[in-house]
Amino acid sequence: MTEKLRKFAIILILPLHLFLTYGMTGNSGTFMMITVLLTMLADLALSFWQLQSFTAKYSRIRAFGSEYLRYLLQAVLVGAAEGLIYFFAVGSILNEDWDKGLFFTVSVAELILGALVAFVTGAARTMMYHDEKR
């Protein structure tokens with residue numbers, strides 16, 4: 001069960017991103033910053049868990065690449081789902097309700113940053129394990 005859940009772990013970030021986008025109105029700046037940081041850490045943790053960044057022993061970059069492409073596709077789907085929900089809920093990015101647009105942008109930026117950090121970590125781990133085997 002946990003192995004199947006691990007293969008789709010990044011999709012679990014969607015409810016947190018929706019909370020970040022729609023649950024932050026009227027809160028203090030400190031609470032918002034803590035929520036953004038916790039969401040970012042959750043995004044990175046789910047990315048690392050899905051890609052097994054610290055335990056996987058890929059000896060070839062191609063094996064890591066196939067796992068990463070599956071993860072990247074899921075991350076793009078999460079971003080697209082967030083974009084559709086945002087578009088239908090708000091209507092336009094150019095709206096008077098700028099705080100929802102700001103947090104939507106932060107959510108998408110977290111997805112992109114998480115994907116970049118997961119790629120760099122996984123590729124470096126794969127290259128290190130490949131060197132160890134030699």
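**Exercise 1. Find which residues T35 is in contact with, leaving aside its neighbours within four places in sequence, and decide whether T35 is buried or exposed.**

Solution. In this predicted model, once the neighbours within four places in sequence are left aside, T35 is in contact with F19, L20 and M24. The next step is to place the residue, and T35 lies in helix 3. For the last step we need a cut-off, since a residue is called buried when its relative accessible area is under 20%. T35 has a relative accessibility of 9%, and therefore it counts as buried.

**Exercise 2. Determine which residues A42 touches, not counting residues up to four places away in sequence.**

Solution. We begin again with the location, and A42, like T35 above, has its place in helix 3. Not counting residues up to four places away in sequence, A42 touches I13 and L16. If we then take I13 and look at the backbone, we find that the C-alpha atoms of A42 and I13 are separated by 7.4 Å, although the two residues are 29 residues apart along the chain.

**Exercise 3. Work out what span the 30 residues of helix 4 should have, and compare it with the distance between the end C-alpha atoms.**

Solution. Helix 4 covers residues 61-90, and at 1.5 Å a residue its 30 residues should span 44 Å. The expected span is obtained by multiplying 1.5 Å by one less than the number of residues. In the model the end C-alpha atoms of helix 4 are 42 Å apart, which agrees with the expected value. Turning to the side of burial, the buried residues of helix 4 include F64, Y71, A75, V78 and V90.

**Exercise 4. Describe how helix 3 and helix 4 pack, giving the angle and how far apart their axes are.**

Solution. Two packed helices are described by the angle between their axes and by the distance between those axes. For helix 3, which runs over residues 29-51, and helix 4, the angle is about 145 degrees and the axes are 10 Å apart. The crossing of these two helices is right-handed. Going down to residues, S47, Q50 and L51 of helix 3 meet E67, Y68, Y71 and Q74 of helix 4. Sorted by class, this contact has three nonpolar, three polar and one charged residues.

**Exercise 5. State how many helices and strands the protein chain has, and what share of its residues count as buried.**

Solution. The secondary structure comes to five helices and zero strands, and, read along the sequence, the pattern is α-α-α-α-α. Of the 134 residues of the protein chain, 38% count as buried.

Technical notes
Residues numbered from 1 in each chain as written. Predicted model: local features only at pLDDT ≥ 70, side-chain atom pairs only at ≥ 80, totals over all residues. Heavy atoms only, no water. Helix = DSSP H or I, 4+ residues; strand = E, 2+ residues; numbered from the N terminus. Buried < 20%, exposed > 50% of the residue type's maximum accessible area, 1.4 Å probe, protein only. Axes fitted to C-alpha atoms, helices over the stretch in contact; angles between N-to-C directions. Left-handed = near helix turned anticlockwise from the far one by under 90°. Contact = heavy atoms within 4.5 Å. Nonpolar A, V, L, I, M, F, W, Y, C, P; charged D, E, K, R; others polar.
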